[in-house]
Amino acid sequence: MIRQPNVILGNGKVLVTMGKKGELLGFFYPRRDYAQHVEESLACLHINNRLIWTNNPEWYSTQHYLEDTNIVITELVHGTGIKITIQDFTHQKASVMVRKYTISTERDINGTFFYYSNLSVGEMHKKNSAFCDPDARLLVQYWQDNYIGIMADPPFQEWQVGKAMDTIWWTNARYDMEDGRLQNNKEDIGYLNTVVGWDLDLKAGKSKEITVFIGASQKRTLLYKMMLELIQEPVDNMFEDSKEDRIRWLSKKNMVKLSVLDDMPETKQQIREAFNRSLLTLDLLNDPLHGSFVAAPEFDHDFEMCGGYGYCWNRDVSEVAVSLLNAGYPEYCDMFFRWCRRTQLSDGSWFQRYWLDGNTAPSWGNFDHSTQIDETGATLHVMYTYYLTLKGLQRAEFLESIWITVLTGAEYLMKRTLGGLHEPCLDIWETYDGVFAYTSAAAYAGLKGAAHIARAYREMGLSSRWFERAELVKSTTIEKMWLKEGYFAKRIADGKLDPTVESSMLGTFVPFNMLSPKDPQERKMIYSMMNIIESRLSVNVNGHHGIKRYENDKYIEGNPWVVTTLWLSKAMLTLAHSLRSEPGTEAEVSRLVQGSVKYIMWALKGATSTGMLPEQVDKQKGYPAWAIPLGWSCALMIDNILLLETLSEGTEDGKI
Amino acid sequence: MGEKGVTMVRDLYMFSRGDENAHVVWFSITYHTDMGAEANINSVLTEIGVKLKFAYLDNTEPNGQGKYVLFTEVKEEAQIETINEMLRKIKGVTEVESGISGNRMIHTVDFPLNFLGERAVITRSRTILDILKIIRENVIQPDGLLLLSGLKGGKGAAKYVKGIMPADRNNCMAILRELFLASGWGKLEMDFDRDTCSGKVRVRDSFIADAYGPSDLPVCGYISGFIAGYMTEMMGYTFQVREVSCKSMGNAVCEHLVSIAPEGVNLEHIMKEGIK
């Protein structure tokens with residue numbers, strides 16, 4: 001079932017996605033892509049002979065992060081005067097989620113507080129097993145080497161291990177809750193659900209705290225050890241540790257003062273918050289063991305409406321890793337390129353997408369004609385970008401470690417661009433086949449980057465070949481795909497140009513620099529592309545325009561995308577940055593900066609209440625749409641903000 | 001007249017075979033159920049000479065309201081407004097709507113249709129069967145899923161019935177029999193011992209089994225679940241209901257065993273050797 005989160009949290013070991021009312025939608029362990037153990041996991045009250053699930057519409061809810069942390073505060077208010085505040089966070093070190101519930105009431109209540117879970121441990125409904133150890137007050141569900149444990153402070157008073165989908169329905173935990181009491185069945189196997197419960201007798205004006213710990217481990221003994229030790233630790237200490245951990249991590253980032261926005265203090269504050277949130281989000285999407293990233297936490301596990309997002313694409317991570325690098329976190333690049341060395345295919349290319357551990361993921365790009373050449377180009381391009389930031393011995397070591405990868409990658413690009421245009425393949429959106437300006441630009445940038453690296457490696461012959469080919473790719477792409485109307489065609493397919501306006505042509509400027517604003521003719525081309533994109537792909541929603549991917553886009557209603565909108569604003573800021581050194585450009589630079597800020601603010605309006613940047617914004621309602629949060633959106637937000645910061649530097653009054 | 005508000009009467013493809021020159025007309029009369037309006041409506045209709053082609057009463061409308069929907073033939077269109085006026089004057093009648101059937105079809109139901117206080121639809125059993133079969137083919141533990149679906153429906157039905165009429169363990173099974181008939185699900189026969197709370201419920205012409213086709217296993221798990229949910233809600237005990245023979249297996253009737261559910265989970269459940 002497709003369920004889009006409103007917020008995510010986690011640590012290096014677990015990733016959790018939640019809905020607006022604090023209901024768990026995903027619990028990923030040990031990796032961010034696998035396994036997702038939760039179908040449902042949430043609290044429920046039994047009061048006045050009825051169950052009040054905390055995700056039902058009767059609750060008014062608000063949800064936000066505690067600033068600069070991954071601690072989520074959810075507040076639920078019920079018409080009967082009951083209020084529940086949930087503090088959700090993960091333990092700083094252990095693979096444990098902490099859920100601290102504070103229940104208060106305006107009227108006397110006499111009932112039960114339940115914590116219900118329908119787990120599919122190991123992503124399996126079948127062959128699960130669960131038991132409740134009444135001595136330890138630990139409820140465990142497991143499948144193979146995946147163990148999920150539930151413990152609480154105060155310990156739960158009753159429990160039920162039931163069959164979720166069986167004809168012996170009275171053992172089902174959901175039905176067992178209906179009378180407010182549980183049967184305390186200790187163990188069962190199959191497709192299961194479980195619930196633990198506490199008496200909830202509260203006088204008006206009083207409150208009660210119940211903290212639920214959800215831990216994950218690969219061994220039963222380790223789970224026991226971890227949970228039993230954890231329960232001794234004061235929850236407040238865990239809370240402070242979790243908070244401090246993230247604040248400390250954020251303190252390493254490059255500072256952004258954004259003096260360019262001094263006359264818009266509210267906007268400045270929102271953008272600075274978005275900077276921190278985007279950084280924290282990207283870290284949560286990263287697999288610290290392997291160096292890869294999920295594009296977004298998976299929410300369409302069955303590929304009901306798309307191909308899924310819980311995998312690693314080189315295209316996306318190339319954007320993500322560079323944004324983190326520029327923000328002051330080079331270690332993600334280092335780890336990612338180790339991963340790239342390991343995952344490169346024997347022909348020098350990279351596969352469409354991977355599981356985070358490097359195995360090839362479910363794909364519709366298994367052949368030369370259905371692969372995506374841009375991913376190889378983008379990877380080589382960012383390898384060179386990273387190389388440029390290194391110095392001394394570190395640079396030499398990186399060169400040595402990456403050379404074979406670059407060599408085989410560049411030769412792959414050579415093989416696929418023999419005539420200048422790349423051979424037909426799938427596009428950036430993984431939908432169309434043909435020849436594309438974006439893919440050409442990626443191949444150009446990949447070959448250029450590789451050529452620079454080859455030169456540093458003293459492989460002058462290879463370097464010259466690759467430079468030469470890069471220039472051929474550029475000139476042929478412009479010659480064959482630039483339309484007299486002033487933009488690149490969407491594609492060449494079956495020998496014909498498709499004049500559909502396509503936002504990804506921006507890739508010829510940023511990030512791949514095939515077109516340079518320093519060249520007067522190319523600057524005109526950049527302006528022309530941006531103008532055409534703004535005039536033909538703008539969608540008015542949330543009080544400003546967002547940019548959709550291309551004309552007649554049908555994917556998920558053809559919404560405007562945060563990615564394409566921030567891509568355009570990044571292009572505007574990059575252009576502004578380039579113009580700034582030229583005399584008489586102040587007004588134009590100011591126009592570009594102000595325009596880009598509007599797009600950035602539009603993207604933030606489309607975020608969730610917790611600031612999660614989605615892939616798209618619903619064109620009718622202005623709500624965040626589809627993949628939430630999307631790493632690529634976060635990366636572009638960081639890029640935009642860093643460019644704004646660069647433009648802030650060196651201005652006398654900080655204003656443009 | 002006609003499309004007043006959102007409530008209107010819709011065609012259901014039952015063709016009139018009356019006077020070819022007359023209009024087929026429907027009237028939908030809403031009234032308070034505690035003022036004897038039903039009898040007065042019938043008197044007025046007789047007085048005017050309205051011959052009913054089809055009619056039904058529904059006294060389960062919310063807020064003590066009832067609905068009388070009838071179908072007749074009228075020679076002159078002008079007569080319809082006269083009938084409307086006379087009906088509106090009846091004490092207890094709160095609203096009268098009417099309309100002419102297009103295409104000479106007899107209208108049989110209200111739109112939106114209500115049943116047991118909820119929006120209802122009419123569907124061919126084949127349509128339900130298609131859904132059930134797809135579930136059986138694609139879902140793990142389909143028997144459990146279908147039973148749980150029925151269970152929810154049965155509990156909901158029992159709650160509604162208890163809200164609109166005196167219902168207890170003495171008459172609830174008779175009400176269930178009527179519910180099955182009213183909804184076209186089948187004819188119930190019961191052999192139920194109130195002391196032991198156990199017995200058999202036989203379903204003749206089960207809408208599932210009738211349309212399902214041959215099967216090696218019982219197919220009416222949804223009905224088992226419905227009966228279990230209904231009885232649990234009505235009687236205050238937890239019931240297990242299991243279909244042990246089914247018309248789809250070549251038996252004359254479908255037979256569901258009914259008993260009090262055992263406490264908790266027994267090892268037999270896990271071993272799946274049967275429910276004791």
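In which sense do strands β1 and β2 of chain A pair, and over how many bridges? They pair in the antiparallel sense, over 4 bridges. Keep in mind that this is a predicted model. Here's a quick tour of the strands near the start of chain A, the open sheet, the helices lying across strands, and the contacts with chain B.

**The β1-β2-β3 stretch of chain A**

- Strand β1(A) covers residues 7-10, and a hairpin of 4 residues takes you from there to β2(A).
- Looking for a landmark in this pairing? I8(A) sits opposite T17(A) of β2(A).
- Strand β2(A), residues 15-18, has both of its faces covered. L15(A) and T17(A) are buried on one side, and V16(A) and M18(A) are buried on the other.
- Strand β2(A) also pairs with β3(A), residues 24-28, again antiparallel and with 4 bridges.
- Here V16(A) has F27(A) of β3(A) as its bridge partner, so to speak its opposite number.
- The β2(A)-β3(A) link is a hairpin too, with 5 residues in between. In that turn, G22(A) has a positive phi of about 80°.

**The open sheet**

- Chain A has an open sheet of 9 strands, and the pairing is antiparallel.
- Reading across, the order is β6-β7-β8-β9-β17-β13-β12-β11-β15.
- The edges are β6(A), residues 59-65, and β15(A), residues 187-190, each of which pairs on one side only.
- From one strand to the next, the twist averages 15°.
- At the β15(A) edge, the neighbour is β11(A), residues 128-133, which runs antiparallel to β15(A) and is joined to it by 4 bridges.
- Within that pair, S129(A) stands opposite I189(A) of β15(A).

**Helices across the strands**

- Helix α2(A), residues 220-230, lies across β9 (96-105), β12 (138-143), β13 (146-153) and β17 (207-217) of chain A. Its direction is at about 150° to β17(A).
- Helix α3(A), residues 235-250, lies across β8 (82-90), β9, β13 and β17 of chain A. This helix runs at about 60° to β8(A).
- Strands β9, β13 and β17 of chain A therefore turn up under both helix entries.

**Where chain A touches chain B**

- On the chain A side, 14 residues are in contact with 16 residues of chain B.
- What is the make-up of the side of chain A that touches chain B? It divides into 6 nonpolar, 5 polar and 3 charged residues.

Terms used: Residues numbered from 1 in each chain as written. Chains lettered and ligands numbered in written order. Predicted model: local features only at pLDDT ≥ 70, side-chain atom pairs only at ≥ 80, totals over all residues. Buried ≥ 20, exposed ≤ 12 C-beta atoms within 10 Å, placed from the backbone. Helix = DSSP H or I, 4+ residues; strand = E, 2+ residues; numbered from the N terminus. Pairing = 2+ DSSP bridges. Axes fitted to C-alpha atoms, helices over the stretch in contact; angles between N-to-C directions. Contact = placed C-beta atoms within 7 Å. Nonpolar A, V, L, I, M, F, W, Y, C, P; charged D, E, K, R; others polar.
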